[in-house]
Amino acid sequence: MKIEALTLRELRMPLVTPFETSFGKTVNRRVLLVEVHADGASGWGEVTCGELPFYSAETPDTARAVLSNVIAPMVLHRDFSHPRELAPMMRLIRGHAMARAAVENAAWELAARQAGQPLWRWLGGTRQEIPCGVSIGIKPNLDAQLAAVEKELAAGYQRIKVKIKPGWDLEPLGAIRQRWPEIQLMGDANSAYTLADAQHLARFDDFGLMMLEQPLWHDDIYFHAQLQRQLRTPLCLDESIHHARDVEQAAALGACRIINVKLGRVGGFSSARAVHDAAQAAGIPVWCGGMLESGIGRAHNIALSTLPNFTLPGDVTASRRYWHEDIIDPEVTVTPRGTIMAPELPGAGFTPRLDLIRRLTAWEETLR
Ligand code: OSB
Ligand code: MG
């Protein structure tokens, strides 16, 4: 297969409800899509960065610059027989994992479709039905927080994750646990604490949390190990894990007991599979994280979640939680059991809605 062109499109998509984390509030998404053209067909990928460099260093603007100035010259007109050959073509690039992932994932999706196989099977997935949880943003008050949890439980989701930060942690977690003593509950701090908060974080042990996600610095593994020794609650690393070696390091240090795998953060399907395998070898279960993706990225998250060590509910949810109208057909839906069925169709199993994509596009550029 030979990549003939890359089409970049930035879509503007308002969220159904604003999403607030310890680093800020998102109201309108800038969704950067990459369409990879090869052999008379095309595959789609999504750059999953935030609008601002707060979760990671990437933004739609850095991704556009790196895609057009650096990645396009590396991959255009190059022959490859399997999409796993794309990551080595881009190996000189430091960082910019989400820009790299968008191209690699589009190639995976296209190659699976051309092979007549569902992407998830082609990746080595084994479970067609994946367990789903939700990530609930910080709410202005306790009533709104409890109402949001109630709504998601009614929709059938198997696990509730709430965003927390200093000053908004014991109160929401305690209130949720008191009202729902049995649910699978967890908190995500997005790096809002320091090791000086260890005693405070140890109070979370009373809430029987499934895990506490990324309490400390985004680039830290070592001090998470020190914290994990002081807590009964399992720690989960998100921001700190970029490749399989990070998993080996975290496992060796005892920095976490669970890992969140995000396709964009680790640089695409090849790296995500390596992260998955390293975690499995270390006895660490994983789950698939989300980045408020449009249907394109959501479909890829579903495929990834079918790998055997994705044993915990992921942040992979129905299109309607985020979008009035998603850009894929059909939209992603959740069963009453709180699961998503990976589609049996070739490729990602969802078709991009070109009419809607065109209407939402702020700019478009094709690189040849
Ligand atoms: O830390 O998991 C995170 C959204 C944006 C940035 C970081 C995170 C999140 C989420 C949302 O938790 C997960 C989703 O897409 O539903
Ligand atoms: Mg997280």
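**Reading strands and helices**

Colleague: Which residue in β8 is the bridge partner of Gly187?

Modeller: Leu212 in β8 is the bridge partner of Gly187. Keep in mind that this model is predicted.

Colleague: In which sense do β7 and β8 pair, parallel or antiparallel?

Modeller: Follow the direction of each strand. β7 pairs with β8 (residues 211-213) in the parallel sense, over 3 bridges.

Colleague: How many bridges join β6 to β7?

Modeller: Strand β6 (residues 159-163) is joined to β7 by 5 bridges, and the two run parallel. As one landmark, Arg159 stands opposite Gln184 in β7.

Colleague: Through which helix does the chain cross from β6 to β7?

Modeller: Trace the chain. It leaves β6, passes through helix α6 (residues 170-179) and reaches β7. This β-α-β crossover is right-handed.

Colleague: How many residues of β7 are buried?

Modeller: A residue counts as buried under 20% relative accessible area. In β7 (residues 184-188), 4 of the 5 residues are buried, so the strand is mostly covered.

Colleague: Now the open sheet. What is the order of its strands?

Modeller: Read across the sheet, not along the chain. The order of the 4 strands is β3-β2-β1-β15, with antiparallel pairing.

Colleague: Why is one side of β3 and of β15 left without a neighbour in the sheet?

Modeller: β3 (41-47) and β15 (361-367) stand at the edges. Each has a single partner strand, so one side of each lacks a neighbour in the sheet. Neighbouring strands here are turned by 20° against each other on average, ignoring direction.

Colleague: How many bridges pair β2 with β3?

Modeller: Strand β2 (residues 24-38) pairs with β3 over 7 bridges, in the antiparallel sense. Look for Leu33: its bridge partner in β3 is Glu46.

Colleague: Which helix lies across β2 and β3 at about 145° to β3?

Modeller: That is helix α3 (residues 97-114). Helix α12 (residues 295-304) also packs on the sheet and touches β2 and β3. The direction of α12 makes about 90° with that of β3.

Colleague: Where does α1 bend?

Modeller: First compare its span with that of a straight helix. A straight helix of 16 residues would span 22 Å, but α1 (residues 60-75) spans only 20 Å between its end C-alpha atoms. Then find the bend: about 45° at Leu67. Just after α1, His77 takes a positive phi of about 65°.

Colleague: What do the buried residues of α1 pack against?

Modeller: Among the buried residues are Ala63, Leu67 and Ile71. The buried residues of α1 pack against β1 (3-21), β2, β3, α2 (86-89), α3 and β15.

Methods: Residues numbered from 1 in each chain as written. Chains lettered and ligands numbered in written order. Predicted model: local features only at pLDDT ≥ 70, side-chain atom pairs only at ≥ 80, totals over all residues. Heavy atoms only, no water. Pairing = 2+ DSSP bridges. Axes fitted to C-alpha atoms, helices over the stretch in contact; angles between N-to-C directions. Contact = heavy atoms within 4.5 Å. Expected span 1.5 Å × (residues − 1). Bend = angle between axes of the 7 residues up to and from the residue. Buried < 20%, exposed > 50% of the residue type's maximum accessible area, 1.4 Å probe, protein only. Right-handed = clockwise from strand over helix to strand, strands pointing away.
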